[in-house]
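These are my notebook entries on one chain. I set down what I looked up, in the order in which I looked it up.

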Amino acid sequence: MTTIGLILCRIGLHRWGRKRGYDEYSSNVIEWEQRCERCGKRKRWVEVKRDRRR
Ligand SMILES: [Zn+2]
């Protein structure tokens, strides 16, 4: 782990890795999770799915 990396993390510029989605069919949102490869911080957010009504 480099010092510059730690500084970047400290000011909020994380190095986000792959994003993972939890898509439950019964739910109308997708839960996303992403993890920083340097400090391990996680962020989660939800995304509303497109309207499926036909
Ligand atoms: Zn970080």
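Entry 1. I began with a single cross-strand pair: Gln34 stands opposite Lys43 in β3. I note at the outset that the model is a predicted one.

Entry 2. I then looked up the strands on either side of that pair. Strand β2 covers residues 29-36 and pairs with β3 in the antiparallel sense, over 7 bridges. I found a further pairing in Val29, whose bridge partner in β3 is Val48. The two strands form a hairpin with 5 residues between them. Within that turn I noted Gly40, which has a positive phi of about 85°.

Entry 3. Next I turned to the other neighbour of β2. β1 and β2 run antiparallel and are joined by 6 bridges. Here Asp23 has Ile30 of β2 as its bridge partner. I recorded the connection as a hairpin, which leads from β1 to β2 through 5 residues.

Entry 4. I assembled these pairings into a sheet. The sheet is open, is made of 3 strands in the order β1-β2-β3, and is antiparallel in its pairing. Why is one side of β1 and of β3 left without a neighbour in the sheet? Both stand at the edges, β1 being residues 16-23, and each has a single partner strand, so one side of each has no neighbour there. I also recorded the twist, which averages 20° from one strand to the next.

Entry 5. I checked how far the edge strands are covered. β1 is hardly covered, with a count of 0 buried residues among its 8. For β3, residues 42-48, I read a count of 0 buried among 7 residues, so by the cut-off of 20 or more other C-beta atoms within 10 Å none of these residues qualifies. Over the chain, 2% of the 54 residues count as buried.

Entry 6. I moved to the part of the chain outside the sheet. The chain has 1 helix and 3 strands, and from the N terminus on its elements run α-β-β-β. Helix α1 spans residues 3-10. The number of buried residues among its 8 is 0, so α1 lies largely in the open. Just after α1, I noted a positive phi of about 95° at Gly12.

Entry 7. I took Leu6 as a probe of the helix, since its place is in α1. Is Leu6 buried or exposed? I found 11 other C-beta atoms within 10 Å of Leu6; the cut-off for exposed is 12 or fewer, so Leu6 is exposed. I also looked up its separation from Arg35, 29 residues away along the chain: the C-alpha atoms of the two are 15 Å apart.

Entry 8. I then looked at the overall dimensions. The C-alpha atoms fill a box of roughly 55 × 15 × 10 Å along the principal axes. The radius of gyration is 15 Å, whereas a compact globule of 54 residues would have one near 10 Å. Among contacts between residues at least 6 apart in sequence, 18% join residues at least 24 apart.

Entry 9. I closed with the confidence values. The chain averages a pLDDT of 90, and 93% of the residues score at least 70. Among the elements, α1 has the lowest mean pLDDT, 92, and β2 the highest, 96. I add a general caution: where pLDDT is low, predicted coordinates should not be read in detail.

Conventions
Residues are numbered from 1 along each chain as its sequence is written. This is a predicted model: local features need pLDDT of at least 70, side-chain atom pairs count only at pLDDT 80 or more; totals for chains, interfaces and linings use all residues. Helices (H or I, at least four residues) and strands (E, at least two) are DSSP runs, numbered from the N terminus. Two strands pair if DSSP finds at least two bridges between them. Axes are lines fitted to C-alpha atoms, for helices over the stretch in contact, and angles run from 0 to 180 degrees between N-to-C directions. The radius of gyration is taken over C-alpha atoms; the globule rule is 2.2 Å times the number of residues to the power 0.38. Two residues are in contact if their C-beta atoms, placed from the backbone, lie within 7 Å. pLDDT is the predictor's confidence in each residue, from 0 to 100.
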